Amino acid sequence: MARSELRPIIKLRSTAGTGYTYVTRKNRRNDADRLVLRKHDPVARRHVEFREER
């Protein structure tokens, strides 16, 4: 089905270097570029940027 093409599953990896990841979906029409979100890294115990990994 078209579910996997329009809203693919992506991994968000921490920029703190801890190796912690979040898994989410994104809309390719609205966010064509790589996604960057500021989320909590429990290993680093602070909020850091998480970047999309392909």
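**Exercise 1.** Is N27 buried or exposed? Settle this for the predicted model above, then describe the surroundings of N27.

*Solution.* Begin with the position: N27 sits in the loop between β2 and β3. Next, take the relative accessibility, which is 18% for N27. Buried means under 20%, so N27 counts as buried. Now look at the polar side of the picture: the N27 side chain reaches the backbone nitrogen of R29 at 2.9 Å. Finally, set aside the residues within four places in sequence; N27 is then in contact with L6 and R7.

**Exercise 2.** Work out how K26 and D33 are placed, and what links them.

*Solution.* Let's start with location. K26 belongs to the loop between β2 and β3, and D33 is found in the loop between β2 (21-25) and β3 (36-41).

Then compare accessibility. K26 has a relative accessible area of 4%, so K26 is buried. For D33 the value is 63%; because exposed means over 50%, D33 is exposed.

The link comes next: the side chain of K26 reaches the backbone oxygen of D33 at 2.9 Å. The contact lists fit in here too. Beyond four places in sequence, K26 touches L6, R7, P8, I10, D31, A32, D33, R34, L35, E52 and R54. With the same exclusion, D33 is in contact with K26, E52 and R54. E52 and R54 thus appear in the list of K26 and in that of D33.

As a last step, try a distance check: 22 Å separates the C-alpha atoms of D33 and G19, which are 14 residues apart along the chain.

**Exercise 3.** Which residues make up the largest nonpolar core, and how does L12 fit into its surroundings?

*Solution.* First, list the members: the largest nonpolar core has five residues, namely I10, L12, L35, V48 and F50. Two elements, β1 (9-14) and β4 (46-53), each give two or more residues to this core.

Second, see how these strands are arranged. β1 and β4 pair in the antiparallel sense, over four bridges. Opposite L12 stands E52 in β4.

Third, collect the contacts of L12 beyond four places in sequence: Y20, T21, Y22, T24, L35, L37, K39, F50, R51 and E52. Among them are L35 and F50, two residues that are also listed in the core.

A general point helps when reading the strands: in a regular strand, side chains alternate between the two faces of the sheet.

**Exercise 4.** Describe the hairpin of β3 and β4, and find what stands out in the backbone of R45.

*Solution.* Start with the pairing: β3 and β4 run antiparallel to one another, paired over six bridges. One example is V36, whose bridge partner in β4 is R51.

Move on to the turn. The hairpin has four residues between its strands, and R45 lies in this loop between β3 and β4. The phi of R45 is near 60°, a positive value in a residue other than glycine.

To finish, check the accessibility of R45. Its value is 71%, so R45 counts as exposed.

Conventions:
Residues numbered from 1 in each chain as written. Predicted model: local features only at pLDDT ≥ 70, side-chain atom pairs only at ≥ 80, totals over all residues. Heavy atoms only, no water. Buried < 20%, exposed > 50% of the residue type's maximum accessible area, 1.4 Å probe, protein only. Contact = heavy atoms within 4.5 Å. Core = buried A, V, L, I, M, F, W, Y, C linked by side-chain atoms within 4.5 Å. Polar contact = N/O pair within 3.5 Å; in protein donor to acceptor, adjacent residues only side chain to side chain. Pairing = 2+ DSSP bridges.
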